[in-house]
Every structure is written in C-alpha cells, then in structure tokens.
Amino acid sequence: MKAMIFAAGLGTRLRPFTDSHPKALLPLAGKTLLQFQIEQLRAAHITDIVINVHHFAQQIIDYVVANDGFGCHITFSDETNQLLNTGGGLWHAYQSGLLTDEPILALNVDILSNISLPTLLAAYDTRDKGLLVVSDRPTQRYLCFDKDNLLCGWTNISTGEVKPCLQETLADSYRRLAFSGMQLINMPHLVPYMETLAKVNPAFSMIDLYLSMPARSFRAYVPNDYRMMDVGKIDQLPQAEIFAQSL
C-alpha cells in the first residue's frame with residue numbers, strides 16, 4: 001500500500017512561520033509535522049510515500065533528502081505551478097503515475113493523532129470505496145452518516161448549509177461526525193469523479209470529491225480512544241507542543 005501526505009498548502013494561519021517555511025516543517029517536540037507523519041506510516045510498514053509540494057517546495061525536498069527519506073521511499077508530486085488542494089493533488093499524483101490503482105492512505109500533514117494505523121488497515125474491506133477517519137468532536141462543518149455509518153452528506157451548522165441534496169431537517173437525523181483529514185481510499189472508484197471535477201477546476205478538495213459521488217459510497221471509521229489535533233493556527237502552538245510530546 002502507498003500513502004500520500006498532503007503538504008502543499010500555504011499555511012497562512014501559521015504566519016509568520018510560513019512566511020519563510022512550509023507548514024510541513026513546523027517543529028514540535030523535536031520533530032517536524034512531516035516527520036511525525038512519515039514515522040507513523042513507517043511504523044505501520046507503509047514505506048512507499050508520495051508528498052505533494054507547492055509552498056517552499058524545495059525546502060521540503062531538501063529536508064527529506066537530507067534525512068534519507070526517514071527510511072522510506074519518498075517521491076514528490078510537484079504542484080509548484082498551481083496549488084491543487086487535496087482532491088486535485090491526489091488526481092495530479094495519479095495522472096503523473098506516482099499513484100496507481102492500489103488502495104491509498106491519504107492524510108493531511110498538519111493533523112497529529114494517536115491513531116493506530118494497523119487497526120485502520122485491518123478495518124478496510126477491498127469492496128469499500130473508502131474509509132473516512134472521523135471523530136465525534138465539536139466543529140462547524142460535519143460529514144453526515146446514516147445508521148450504517150455510510151456517508152450521506154455534509155453540513156455547516158453555523159450557516160445551515162447542507163450538501164449535496166439533504167434537507168436541513170433531514171440532516172439532523174443523521175450522525176454528524178468531524179472529518180480528521182485521513183482517508184483510506186479505493187482509487188479506481190474515485191478516478192472518474194476526479195476526472196470530471198478536474199475538467200471544471202483542477203483545484204478541488206477531497207470533500208468536494210466525496211460529495212460529487214453517489215451517496216453511501218464511504219464508511220465512517222471512528223478510532224477507539226482517539227486523540228487528534230489540527231495544527232492550524234499560530235496561537236495553538238503551545239498546546240500543539242504539549243500534544244506532540246504526548247504522542
């Protein structure tokens with residue numbers, strides 16, 4: 001199995017660090033965000049990794065090379081000409097031949113967690129289109145799942161917006177779970193939908209992709225005793241340092 005780490009983002013909420021560095025190289029507890037992700041994948045015996053790069057791309061490449069790939073085989077999906085978001089980044093890597101039709105574990109570089117990747121991999125069924133790692137935590141935007149833990153839609157509780165076609169009152173009957181920036185996906189099922197979205201706009205998110213597909217295509221995966229943190233804002237760094245030390 002391959003993994004893809006989404007590391008191309010601008011990280012504007014982490015300024016001033018990201019004025020001169022990519023967010024992937026943010027140091028916490030003696031490691032970078034990128035190192036945490038690579039080492040977690042390696043511990044689960046996932047050593048074939050694709051990293052997409054855009055913002056200060058060469059810094060990421062030089063860092064990985066200087067550390068001998070942390071014992072992994074790492075390739076880079078170059079988005080220096082255009083930032084493609086997560087879904088567009090996945091599609092670009094696939095079109096470039098860096099990803100194949102085998103299952104892919106895709107994850108955001110800026111989310112730290114204590115997830116057991118071997119347990120996640122064991123829960124995956126090749127008949128699935130994908131597993132979405134989610135948790136029951138407060139946020140503004142939720143994925144909606146039915147009683148069988150299958151994805152039905154998305155809602156923003158602050159605006160009342162619901163996608164793709166759920167009535168707001170109906171959305172309340174679904175289980176609302178927060179996406180954790182990690183997914184285990186069956187690529188052949190996604191390819192036609194990625195191709196369609198890319199024709200309209202090459203930069204699209206994974207959530208855009210999921211909502212463009214038939215309902216109930218993806219299962220929720222809620223890890224046991226799950227702790228995670230989205231390292232997204234500069235004022236969160238003291239808390240993120242403590243969290244990183246606990247992993």
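## Report on the predicted model: helix H2, its strands and four selected residues

Helix H2 is followed by Asp 68, a residue whose phi is positive, near 50 degrees. The model discussed here is predicted.

### Helix H2 and its surroundings

Helix H2 covers residues 57-66 and lies on the path of the chain from strand S4 to strand S5. Which residues of H2 are buried? They are Ala 57, Ile 60, Tyr 63 and Val 64. These residues lie on the same side of H2, because the arc that they cover around the axis is only 135 degrees. The other side of the helix has Val 65 and Ala 66, which are exposed. The packing partners of the buried residues of H2 are strand S3 (31-32), helix H1 (33-43), S4 and S5. Two of these partners, S4 and S5, are also paired with each other.

### Strands S1, S4 and S5

Strand S4 comprises residues 48-53 and is mostly covered, with 5 of its 6 residues buried. S4 pairs with strand S1 (residues 2-6) through 5 bridges, and the two strands run parallel. Within this pairing, Ile 49 in S4 stands opposite Ala 3. S4 also pairs with strand S5 (residues 73-78), again in the parallel sense, over 6 bridges. Here Thr 75 in S5 is the bridge partner of Val 50. The connection from S4 through H2 to S5 forms a β-α-β crossover, and its hand is right-handed.

### The chain as a whole

The protein chain contains 8 helices and 14 strands. Its radius of gyration is 17 Å, close to the 18 Å that the globule rule gives for 247 residues, so the chain is as compact as a globular protein of that length. The C-alpha trace spans about 50 × 40 × 35 Å along its principal axes. Buried residues make up 52% of the 247 residues. Among the contacts with a separation of 6 or more, 73% are between residues 24 or more positions apart.

### Four selected residues

The table lists the accessibility of four residues in the chain.

| Residue | Relative accessible area | Class |
|---|---|---|
| Thr 86 | 18% | buried |
| Asp 146 | 10% | buried |
| Tyr 210 | 2% | buried |
| Leu 247 | 41% | partly exposed |

Thr 86 is located in helix H3 (residues 85-95). Is Thr 86 buried or exposed? With a relative accessible area of 18%, Thr 86 is buried, because the cut-off for this class is under 20%. The side chain of Thr 86 takes part in a polar contact of 3.4 Å with the side chain of Asn 85. A polar atom of the Thr 86 side chain also lies 2.9 Å from the backbone nitrogen of Met 206. Beyond its neighbours within four places in sequence, Thr 86 is in contact with Phe 6, Asn 108, Phe 204, Ser 205 and Met 206. Met 206 is thus named both in this list and in the pair at 2.9 Å.

Asp 146 belongs to the loop between strand S9 (141-145) and strand S10 (151-156). At 10% relative accessibility, this loop residue counts as buried. Which residues does Asp 146 contact, leaving aside neighbours within four places in sequence? They are Cys 152, Tyr 174 and Arg 216.

Tyr 210 has its place in helix H7 (residues 206-212). Tyr 210 counts as buried at 2% relative accessibility. Outside its neighbours within four places in sequence, Tyr 210 is in contact with Leu 132, Leu 151, Gln 183, Ile 185 and Phe 218. Leu 190 is 20 residues away from Tyr 210 along the chain, and the C-alpha atoms of the two are separated by 8.6 Å.

Leu 247 lies in the segment after helix H8 (237-246). Its relative accessible area is 41%, and the residue is partly exposed. When neighbours within four places in sequence are left aside, the contacts of Leu 247 are Phe 36, Leu 112, Ser 113, Asn 114 and Arg 227. How far apart in space are Leu 247 and Met 228, C-alpha to C-alpha, and what is their separation in sequence? The distance is 9.9 Å, and the two are 19 residues apart in sequence.

Methods: Residues numbered from 1 in each chain as written. Predicted model: local features only at pLDDT ≥ 70, side-chain atom pairs only at ≥ 80, totals over all residues. Heavy atoms only, no water. Buried < 20%, exposed > 50% of the residue type's maximum accessible area, 1.4 Å probe, protein only. Pairing = 2+ DSSP bridges. Right-handed = clockwise from strand over helix to strand, strands pointing away. Polar contact = N/O pair within 3.5 Å; in protein donor to acceptor, adjacent residues only side chain to side chain. Contact = heavy atoms within 4.5 Å. Arc of directions from axis to C-beta. Rg over C-alpha atoms; globule rule 2.2 N^0.38 Å.
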